[in-house]
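Reader: I have a structure in front of me and some basic things to ask. Can we go through it step by step?

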There are 2 protein chains.
Amino acid sequence: MIYQFSERVKSLKPSAIREILKNSSAPGVIPLSAGNPAPDAFPYEEIRRLSAELLERAPVEALQYSVTEGYAPLREHLRSYMKEKHGIGTESDEILITSGAQQVMDLLTKTLLNEGDTVLCEAPSFIGSLNTFRSYRARLCGIPMEEDGLSLEKLEEALKREKNVKYLYTIPNFQNPSGITMSLEKRRRVYELCRDHGVMILEDNPYGDLRFVGEDLPPIKAFDTEGVVLYAGSFSKVVSPGMRVGYALGPREVIQKMVVCKQGEDVHSNIWAQIICHRFMTECDYEAHLCRLREIYRRKSEVLRAAMEQHFQPLISWNEFQGGLFAWCTLPEQIDMLEFVKRAAEEKVCVVPGTAFLTDESEPCRSFRVNFSTPTDEQLAEGIEVLGRLAREMAG
Amino acid sequence: MIYQFSERVKSLKPSAIREILKNSSAPGVIPLSAGNPAPDAFPYEEIRRLSAELLERAPVEALQYSVTEGYAPLREHLRSYMKEKHGIGTESDEILITSGAQQVMDLLTKTLLNEGDTVLCEAPSFIGSLNTFRSYRARLCGIPMEEDGLSLEKLEEALKREKNVKYLYTIPNFQNPSGITMSLEKRRRVYELCRDHGVMILEDNPYGDLRFVGEDLPPIKAFDTEGVVLYAGSFSKVVSPGMRVGYALGPREVIQKMVVCKQGEDVHSNIWAQIICHRFMTECDYEAHLCRLREIYRRKSEVLRAAMEQHFQPLISWNEFQGGLFAWCTLPEQIDMLEFVKRAAEEKVCVVPGTAFLTDESEPCRSFRVNFSTPTDEQLAEGIEVLGRLAREMAG
């Protein structure tokens with residue numbers, strides 16, 4: 001049998017991160033490439049207790065079909081929680097529970113994009129989302145990053161120049177992969193620019209709760225009085241990624257179309273996980289849990305920082321980061337980045353080449369991404385030492 | 001803000017079943033419209049025990065990110081189980097775990113279809129799948145059903161006539177909604193016809209284990225020596241639909257593309273549920289559980305049959321069915337089916353109008369679908385009595 005694949009999949013490549021993740025679980029490999037939460041960040045005791053109670057007291061609810069929109073008590077709680085904590089969500093907004101935040105990217109794209117339409121995104125940006133957009137044959141247009149977020153000048157140029165722009169994709173907090181946080185003033189201006197051009201904003205905030213330095217900034221969605229922003233939230237980094245529970249908070253008119261698309265994709269998300277997330281938020285001390293997470297990641301980030309200061313300087317530089325799970329590191333001109341990443345993998349230290357995060361992987365890039373949440377402290381120290389030594393060897 | 005939706009969603013309507021399901025959970029409504037497993041069909045005790053053990057002994061595995069292909073032990077077990085039990089799966093086949101079987105329909109369509117390509121399907125067929133195909137702007141071409149499965153003559157005509165046919169979608173066992181089971185001889189001929197025309201077969205088998213009369217027939221996939229058939233299986237009707245665990249068994253070349261598409265949709269399926277399904281199949285007496293299910297549904301089907309014999313004859317006729325969850329009932333010519341369904345809903349008895357299952361909802365149809373797994377015995381008897389009375393009233 002000869003298979004005739006669709007045009008959209010002919011051009012797709014497996015995610016470089018997923019491919020690397022497969023090998024990075026081999027024995028002896030130091031995994032600085034993944035984005036897994038630290039294993040000690042999961043609220044084991046609470047999930048164990050909540051799950052036992054749920055399967056004892058309301059087993060039918062936990063095992064039967066449910067509605068596509070998501071578990072109603074979770075949707076209601078999120079609505080009030082996000083309003084109180086972040087000041088987001090208006091009367092014309094609605095919440096949809098998804099199978100991880102990745103599905104928000106998928107459903108919004110399915111809802112808005114015709115083949116060939118344009119998505120503006122930060123350059124670099126999260127490869128998983130870029131691949132989702134590509135799977136709908138989006139034309140990706142990268143907006144270069146600056147120290148305080150994407151370039152407003154380049155954004156404005158792109159909004160004026162590009163045809164059929166459907167949305168801007170942005171991760172304002174501790175961006176993946178750059179670690180950059182968008183300034184308050186830029187958030188406001190990004191909102192105004194997109195609004196004025198009739199272009200939606202897809203605001204992806206998986207790491208917002210993982211700030212360990214400085215003050216929280218309001219989401220772009222907090223400025224949204226006119227239904228411009230669709231906000232994507234996730235329980236993956238704060239409760240459990242294996243549960244696959246995320247959510248979209250955005251204009252009801254858009255959410256309703258996304259619900260129809262979700263019906264056709266997976267009917268609804270795993271209901272046990274949705275109920276556990278709801279009960280964890282409402283019956284446990286959720287804010288204390290977030291504090292504990294921030295402390296875990298602050299400590300791990302300091303292990304990384306100390307190792308980088310010892311082994312990277314002066315050859316390899318890195319962006320300052322105030323939260324999240326990643327450091328973005330840049331090699332000097334005399335070192336070929338792809339060769340460096342390949343040789344590191346041969347020495348069993350896995351990092352992700354920066355090119356994986358570009359809209360055009362063939363563009364030049366001297367950076368790579370280091371994750372500090374997955375490895376143990378010892379792996380982190382050893383991995384950075386290996387990378388530092390390798391850089392010195394390759395610099396000659 | 002004015003939203004510009006994609007062409008694909010502009011034409012989509014919410015699933016009639018889902019919409020009816022929402023109202024059918026209102027107090028006092030008799031739900032003959034859903035497709036929920038009977039609440040006493042869930043293996044509560046086993047899931048409770050397996051979940052407690054899992055969260056105690058391997059909590060990281062149950063809560064951390066996992067691979068897109070699915071939980072490896074479940075994939076391996078399914079491969080040998082399906083080979084032994086149904087004789088399906090060759091060296092060039094592969095298994096992908098999905099978020100319910102609905103995602104198999106979605107991923108295969110995404111992998112094969114360009115907009116405007118044709119999908120052949122049984123007429124009538126499962127509305128959820130038809131809507132998934134529609135969401136990729138498939139051209140649906142219905143093949144009429146006969147008592148022993150789809151019309152071979154019409155299938156052959158369509159294969160010769162239609163352009164860009166990517167696959168035939170069929171539910172060979174206790175088809176939803178007609179209840180019809182495809183004969184062995186037709187299974188063989190359907191395979192040969194599609195193979196000879198280079199058209200894949202998407203074989204959807206959610207109800208195969210729920211046969212309560214007669215002998216099991218081999219899946220179409222059992223004839224597949226050349227990678228023509230992609231088989232969709234599901235734990236929704238035999239373990240729990242709320243868990244959202246299904247799987248595809250098909251040609252590796254196709255599955256690999258589906259994996260890439262799944263990465264972009266939801267990264268992977270809820271891992272707790274995948275592990276529970278694996279342990280339930282391997283650590284509990286799975287075959288005894290299936291026997292118990294068949295007994296539950298055989299008994300409930302007899303409650304329905306007795307009520308139909310008492311209240312439907314001679315006005316309303318129904319297809320014989322040997323398994324599954326549905327009866328397909330047909331009104332006499334003098335009764336308007338849509339009016340009948342509407343008036344039944346006013347009397348708080350919900351059934352699904354047959355038109356919902358057609359490729360073209362505006363075609364004439366005198367049938368409606370009755371589900372016997374969701375209602376209690378009392379609701380079933382009362383619901384059928386109301387429908388019978390209504391038919392007599394409307395027949396005048």
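Reader: What is the mean pLDDT of chain A?
Author: This is a predicted model. In chain A, 97% of the residues reach a pLDDT of 70 or more. The mean pLDDT of chain A is 95.

Reader: What ipTM does the predictor give the complex?
Author: The predictor gives two scores for the complex. The pTM is 0.96. The ipTM is 0.96.

Reader: How many residues of chain A are in contact with chain B?
Author: Contact here is judged by C-beta atoms within 7 Å. On the chain B side, 69 residues take part. On the chain A side, the number is 69.

Reader: Which element gives the largest share of the side of chain A that touches chain B?
Author: Several elements give two or more residues to that side, including α3 (44-57), α6, α10 (252-266) and α11 (271-283) of chain A. The largest share is nine residues. They come from α10(A).

Reader: How many residues on that side of chain A are nonpolar?
Author: The residues of the side that touches chain B divide into three groups. Charged residues number 14 and polar residues 24. The nonpolar ones number 31.

Reader: What kind of axis relates chain A and chain B?
Author: Chain A can be laid on chain B with an RMSD of 0.0 Å. That takes a turn of 180 degrees and a shift of 0.0 Å along the axis. This is the relation of a two-fold axis.

Reader: Why can we say that the copies meet through the same surface?
Author: Compare the interface residues of chain A with those in chain B. The copies meet through the same surface because the share of chain A interface residues that are also interface residues in chain B is 100%.

Reader: How many residues of helix α6 of chain A are buried?
Author: Helix α6 of chain A covers residues 102-112. Among its buried residues are A:Q102, A:D106, A:K110 and A:L112. The helix is mostly covered, and its buried residues number eleven of eleven.

Reader: Which strands stand at the edges of the open sheet in chain B?
Author: The sheet has eight strands with mixed pairing. Their order is β2-β9-β8-β7-β6-β3-β4-β5. Two strands have a single partner each, so one side of each is left without a neighbour in the sheet. These are β2 (93-98) and β5 (149-150) of chain B.

Reader: In which sense do β6 and β7 of chain B pair?
Author: Strand β6 covers residues 165-170 and strand β7 residues 200-204. B:Y167 has B:M200 as its bridge partner, and B:T170 stands opposite B:E203. The two strands pair over four bridges, and the sense is parallel.

Reader: Which residues of β7(B) point the other way from B:M200, B:L202 and B:D204?
Author: β7(B) is mostly covered, with five of its five residues buried. B:M200, B:L202 and B:D204 point one way. Pointing the other way are B:I201 and B:E203.

Reader: At about what angle does helix α10 of chain B run to β9(B)?
Author: Helix α10 covers residues 252-266 of chain B. This helix lies across β2, β8 and β9 of chain B. The angle to β9(B) is about 135 degrees.

Reader: Is B:M82 buried or exposed?
Author: B:M82 is in helix α5 of chain B, which lies across β2 and β9. The residue is in contact with B:I88, B:G89 and B:L249, leaving aside neighbours within four places in sequence. A residue needs 20 or more other C-beta atoms within 10 Å to count as buried. B:M82 has 21, so the word is buried.

Technical notes
Residues numbered from 1 in each chain as written. Chains lettered and ligands numbered in written order. Predicted model: local features only at pLDDT ≥ 70, side-chain atom pairs only at ≥ 80, totals over all residues. Buried ≥ 20, exposed ≤ 12 C-beta atoms within 10 Å, placed from the backbone. Contact = placed C-beta atoms within 7 Å. Nonpolar A, V, L, I, M, F, W, Y, C, P; charged D, E, K, R; others polar. Least-squares fit on C-alpha atoms with pLDDT ≥ 70 in both. pLDDT = per-residue confidence, 0-100. Pairing = 2+ DSSP bridges. Axes fitted to C-alpha atoms, helices over the stretch in contact; angles between N-to-C directions.
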